[in-house]
Amino acid sequence: MSSPCRSHWATWVRGLALAGLAAACRRETRQFDNWPPTASAAAVVREVDLQPGPPTRHVDLVGPYDGNAYGTGEGKRLYNQMNCSGCHFQGGGGIGPPLMDSQWIYGSQPENIFQTIVEGRPNGMPSFRGKLGTDQVWQLVAYVRSMSGLLPKDVAPGRNDDMQVRSQEQSTTKAQPGRSTLPPSAEHP
Amino acid sequence: MIPLLQASQFPGRHSVLEPAGAQAALIKDGLWDPMFVTASVTFALVVAALLWALLRRRVGGETLEDPARQRRLGLTVSLATAVTTIVLFVFLVVDSTVGRATTATPGHSALQIRVTGHQWWWEVQYRDSLAQHWVTTANEIHIPVGRPVVVELRSTDVIHSFWPPNLSAKRDLIPGHENSLWLEADSSGEYRGQCAEYCGHQHAKMAFLVVAEPSDSFAGWLAGQRDTAATPADSLTRRGQEVFLGSACPMCHAVAGTPAGSRVGPDLTHLGSRRTLAAGTLPNTRGNLAGWIVNPQAIKPGAKMPPNALSPDDLQALLAYLETLR
């Protein structure tokens, strides 16, 4: 093969690689303004799987920011701004339960966590109804899920702006995504 | 250039060259002026020598080996070195003298003000023997003219530096360590100050305003700041107060006279009387306040205040309420 031919091929390969890179640029949509704002809205969440009549098929919900790195990053910021760290610390738990392990008292699905944040839970979790917009709650949901490895790795935020011994994204035990929305608290007495 | 233009929009003079207090005058007259004159003269001499060397035509037959010429050149270099050393030594003495003079204690009549640095705003507290007379405000320091003021400096997070260039030198605010500095304003006016130690993302938007006023109007201001917030008088401001207390605001902010008592963010009891918002970032107008409440991250990215999703009606009521907090 002559050298001009090889350089011709190389040009094509480079061009294709560049086109591939350009295509990879559009990773996700970033929504900077979520208007009109709504103070809060509770998701329709079932607390138990039991129902009269035959069982119906369950559809897993996906949080609107579950695959969105920007939304998850915003959730991380809200986590500190709303002082979630006051009780859950940086995910390791203290006054509140840890968020980076695989145990979920009230369920790990996005709608469960949404419900927990907006409505609160007995024994200490306050209700943030009226304090956060719906989109902000969904961003928080995405971040809380990223802490225990329920979101893809490329979505989870990886850098802290403040001093920290260990970031919450470095949790060692990753949760397995559950199939059911049924929270463990409802499974057995 | 752009930061300079931006700074000029804000109330308050901000210049080392217009001293308005004894400290700043010492720095300008004792340090800046002599150094500027000396440096200018030195610069002119160096440029003149350089030009002379460039333009001078070498005389034919002139050699460096001539012993008389060697001696003359050696003498010139020695003389220049000696003069430089003397000048530098004089400045060393002047520098330490001015430094000592600016830090001399102001006496017992001084007013104590406690300033605490936060990322990225200044908490200002006037203490009193009676705890209910304590006044807490933010980003605006009122001082009486002609009375020394001791500023106690603390920090809750990282190192900041307190610097109102018209009034005094700068002094660091160090976490876990109390620093202090004193200043005195000769004439009434508004003087801008700025954090002078890089303290994170919004270091540049961490300014404050020193308002120097005659002692009777200062006393009036202080008495006014001791009051609790006005009770809403009409239905709109009442609705605004409900919005304030019902949304995320009281999680961080305090308004004296209401259940809101959190100390995470600036005290808002007399927000309406302040000249700037967000630590000198914006002039305090209704529109700026609305923008700041709804999306602070667009104005001061990284600030600790989250965006607040409020419906237009709620926002207008809240603004009306906040404007009554004078």
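## Two sheets, a helix pair and a chain contact

In β8(B), B:L181 is the bridge partner of B:V151. This is a predicted model, in which local features need pLDDT of at least 70 and side-chain atom pairs count only at pLDDT 80 or more, while totals for chains, interfaces and linings use all residues. Residues are numbered from 1 along each chain as its sequence is written, with chains lettered from A and ligands numbered from 1 in the order in which they are written.

A quick word on vocabulary: helices (H or I, at least four residues) and strands (E, at least two) are DSSP runs, numbered from the N terminus. Two strands pair if DSSP finds at least two bridges between them.

**The sheet around β1**

The bridge between B:V151 and B:L181 belongs to an open sheet of five strands in chain B, ordered β3-β2-β1-β5-β8 with mixed pairing. Its edges are β3 (135-138) and β8 (179-183) of chain B, and each pairs on one side only. Neighbouring strands here are turned by 25° against each other on average, direction ignored; such angles run from 0 to 180 degrees between N-to-C directions, with axes fitted as lines to C-alpha atoms, for helices over the stretch in contact.

**The sheet around β9**

Chain B has another open sheet of five strands, in the order β4-β10-β9-β6-β7, and its pairing is mixed. Strands β4 (140-144) and β7 of chain B have a single partner strand each, so one side of each is left without a neighbour in the sheet. From one strand to the next the twist averages 25°. Helix α4 (residues 215-226) of chain B packs on this sheet and touches β4 and β10 (207-213) of chain B, its direction making about 135° with that of β4(B).

Here are some strand pairs from the two sheets:

| Pair in chain B | Bridges | Sense | Example of opposite residues |
|---|---|---|---|
| β5 (149-155) and β8 | five | antiparallel | B:V151 and B:L181 |
| β6 (160-163) and β7 (171-173) | three | antiparallel | B:H160 and B:L173 |
| β6 and β9 (189-195) | two | antiparallel | B:W163 and B:Q194 |

B:F162 also stands opposite B:C195 in β9(B). Which residues of β6(B) point one way and which the other? B:H160 and B:F162 take one direction, B:S161 and B:W163 the other, and all are buried (20 or more other C-beta atoms within 10 Å of a residue's own, against 12 or fewer for exposed and in between for partly exposed, with C-beta atoms placed from the backbone). In a regular strand, side chains alternate between the two faces of the sheet.

**Helices α6 and α8 of chain B**

The axes of α6 (residues 286-294) and α8 (residues 312-324) of chain B come within 10 Å and cross at roughly 120°. The two helices are therefore oblique to each other (neither under 35 degrees, over 145, nor 65 to 115). From α6(B), B:R286, B:L289, B:A290, B:I293 and B:V294 meet B:L315, B:L318, B:L319, B:L322 and B:E323 of α8(B); residues are in contact when their C-beta atoms, placed from the backbone, lie within 7 Å. By class, this contact has eight nonpolar, no polar and two charged residues (Ala, Val, Leu, Ile, Met, Phe, Trp, Tyr, Cys and Pro are nonpolar, Asp, Glu, Lys and Arg charged, the others, Gly among them, polar).

**Chain A and its contact with chain B**

Chain A has six helices and zero strands. Of its 189 residues, 33% count as buried. Twelve residues of chain A are in contact with nine residues of chain B. On that side, chain A presents five nonpolar, six polar and one charged.

Definitions and conventions. Two residues are in contact if their C-beta atoms, placed from the backbone, lie within 7 Å.
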